[in-house]
Amino acid sequence: MLPVGIFSGIYQHDLDEAARRARAHGFGCVQFDLDFTDPRFTEQGLTEAECKEIRDTYRRHDVPIVSVSGYTNIIHPDPAERQLRLNRLRALIRTGRHLGTPYVISETGTYNTGSDWAPDPRNLTEAGYAECLDVIGGLVEEAAKHDAVFCVETYVNNVIGTIDATLRLFRDISSPHLGLVMDPTNYYEDHNIDDMDGVLRRMFAELSPYIKIAHAKDVARATDADEKHADTGAAEYLSFRGVGAMELHGPGQGALNYPLYLELLAAQHPNMPVIIEHVTEDEVPAAKQFVHGALVAAGV
C-alpha cells in the first residue's frame, strides 16, 4: 500500500507543532522543508545535533522524514548567487542522512533572471543542458561521498522539463546517487494535457527505474500566463502555483487522472511515499480525503 505524507512547510508553526499537526491530519510521513532563507541554515548546514532534534521530533509524533526539500535554482544566471545556493544545497546533502533519509530534492533550474520557474530560451539549448549536467554531476558526486541520493524534480519550464530530457539526464549520469521525484503534473503542457493517460503511461514505462519519491498535486490549463503564488506565508517553492500555460493546484483540483497515476505507481513501487503539496493548511483535510479516495479507487 502507498503511504501518504505531506510537505512539513505547509504547517507554518514551530517544529513540534508542525509535526503534531501533520500527525493529527493522519499523515504517515513528511517531506521536510528547510527554506534556504531560514536563519538557522547557512553554507555550513545544520549541525548533527540540530538534525537529530528535527528527526527525533517527527519520529516521536510517528511521522518519519522520508525526503528533504532543497529546492533552489541550481543554474541561477548570477554566478555569485548560484554558488551561494549550491553551497547551501551541498551542505544539506551532507547532513540529510542525519535527518533520517538519503533523499535531498531540488528542481533542475532555469536561466531566467527574474524567476526560478519561468522559462528561458537558453534552457532548451545544448549549452544550457551541458552546464546543467555539469552542476547536477557535481551534486551527485557530493551525494556519493555522504551515502545520499540527490533527487531531481523536473518541471516543464526548467532545463530538465520533458520525459526525453529526463531520460537523457539519467543516461548521461548513471549513478545510484541520482534519483527522480515522480510528479506527473510537471510534464504537462498545452500540447499534451489532452493525452493525459498516454503521457502518464509513458512516464512510468520509461522513468520508473529512477523514481525514489512521489508527489501529489494537480494540473489544469491556466487562465493567464502570469506566475501565480498562493498567499501562504511559506517559502516560494511552497506557494508557487504555476506560470505559463499550466496552473498547479492541490490534488483533486485539476485534470490529473489520479486513479491511473496511483495504479501505475503502485504496480512498480508498491510502498513508495506519496507526498501531498500545493495546498494551504486549511486545504489539507480535503486534499488528503481526495488522495485517500483515489487510492481506494485504484485498489492500492
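Colleague: Which residue is the bridge partner of Ser106 in β5?

Modeller: The bridge partner of Ser106 is Val152, which belongs to strand β5. This is a predicted model, in which local features need pLDDT of at least 70 and side-chain atom pairs count only at pLDDT 80 or more, while totals for chains, interfaces and linings use all residues. Residues are numbered from 1 along each chain as its sequence is written, and side-chain values use heavy atoms, with hydrogens and water left out.

Colleague: What makes β4 and β5 a pair, and in which sense do they run?

Modeller: Two strands pair if DSSP finds at least two bridges between them, and β4 and β5 are joined by 5 bridges and run parallel, so the condition is met. The strands themselves (E, at least two residues) and the helices (H or I, at least four residues) are DSSP runs, numbered from the N terminus.

Colleague: Why is the unit of β4, α4 and β5 called right-handed?

Modeller: A crossover is right-handed if, with the strands pointing away from the viewer, the path from the first strand over the helix to the second runs clockwise. The unit made by β4, helix α4 (residues 126–145) and β5 is assigned that hand.

Colleague: How many bridges join β3 to β4, and which residue of β4 stands opposite Ser69?

Modeller: Strand β3 and strand β4 (residues 103–107) run parallel and are joined by 2 bridges, and Ile105 is the residue of β4 that stands opposite Ser69. Between these strands the chain passes through helix α3 (residues 79–95), and this β-α-β crossover is right-handed as well. On the β2 side, strand β2 (residues 29–33) pairs with β3 in the parallel sense over 4 bridges, and there Phe32 has Val68 as its bridge partner in β3.

Colleague: Why is β3 described as largely enclosed by the rest of the structure?

Modeller: Buried means under 20% relative accessible area, exposed means over 50%, and partly exposed is in between, with a 1.4 Å probe and protein chains only. In strand β3 (residues 65–69), 5 of the 5 residues are buried, and therefore the strand is largely enclosed. In β4, 4 of the 5 residues are buried, so this strand too is largely enclosed by the rest of the structure. Ser69, a residue of strand β3, illustrates the point, with a relative accessible area of 1%, which counts as buried. The C-alpha atoms of Ser69 and Leu92 are 9.0 Å apart in space, although the two residues are 23 apart in sequence.

Colleague: Is Asp147 buried or exposed, or in between?

Modeller: Asp147 lies in the loop between α4 and β5, and with a relative accessible area of 46% it is partly exposed. Asn157, found in the loop between β5 (149–153) and α5 (163–172), has a value of 11% and is therefore buried.

Colleague: What makes the phi of Asp147 worth a remark?

Modeller: Most residues other than glycine have a negative phi. Asp147 is not a glycine, yet its phi is positive, at about 55 degrees. His278 is also not a glycine and has a positive phi of about 60 degrees; this residue sits in the loop between β10 (274–276) and α9 (284–298), and its relative accessible area of 6% makes it buried.

Colleague: Why is Cys51 in no disulfide?

Modeller: A disulfide is a pair of cysteine sulfur atoms within 2.5 Å, whereas the closest cysteine sulfur to that of Cys51, in Cys151, is 17 Å away, which is too far for a bond. Cys151 is in no disulfide either, as the nearest cysteine sulfur to its own, that of Cys29, is 14 Å away. The structure holds 0 disulfides. Cys51 counts as buried at 0% relative accessibility, and Cys151 is buried with a relative accessible area of 0%.

Colleague: How many cavities does a search of the whole structure find, and what makes a space a cavity?

Modeller: On a 1 Å grid over the protein atoms alone, a cavity is a set of points where a 1.4 Å probe fits but cannot get out. The search finds 1 cavity of 30 Å³ or more. The largest cavity holds about 160 Å³ of space, where grid points are joined across faces, edges and corners and the volume is the space filled by probe spheres set on the points.

Colleague: Which residues lie nearest the centre of the largest cavity?

Modeller: Lining residues have an atom within 4 Å of a point, and 14 residues line the largest cavity, with Tyr71, Trp117, Glu153, Asn186 and Lys217 nearest its centre. The lining divides into 7 nonpolar, 3 polar and 4 charged residues, where Ala, Val, Leu, Ile, Met, Phe, Trp, Tyr, Cys and Pro count as nonpolar, Asp, Glu, Lys and Arg as charged, and the others, Gly among them, as polar.

Definitions and conventions:
1 Å grid on protein atoms, 1.4 Å probe; cavity = no way out; pocket = protein on both sides within 12 Å on 5 of 7 lines; lining within 4 Å.
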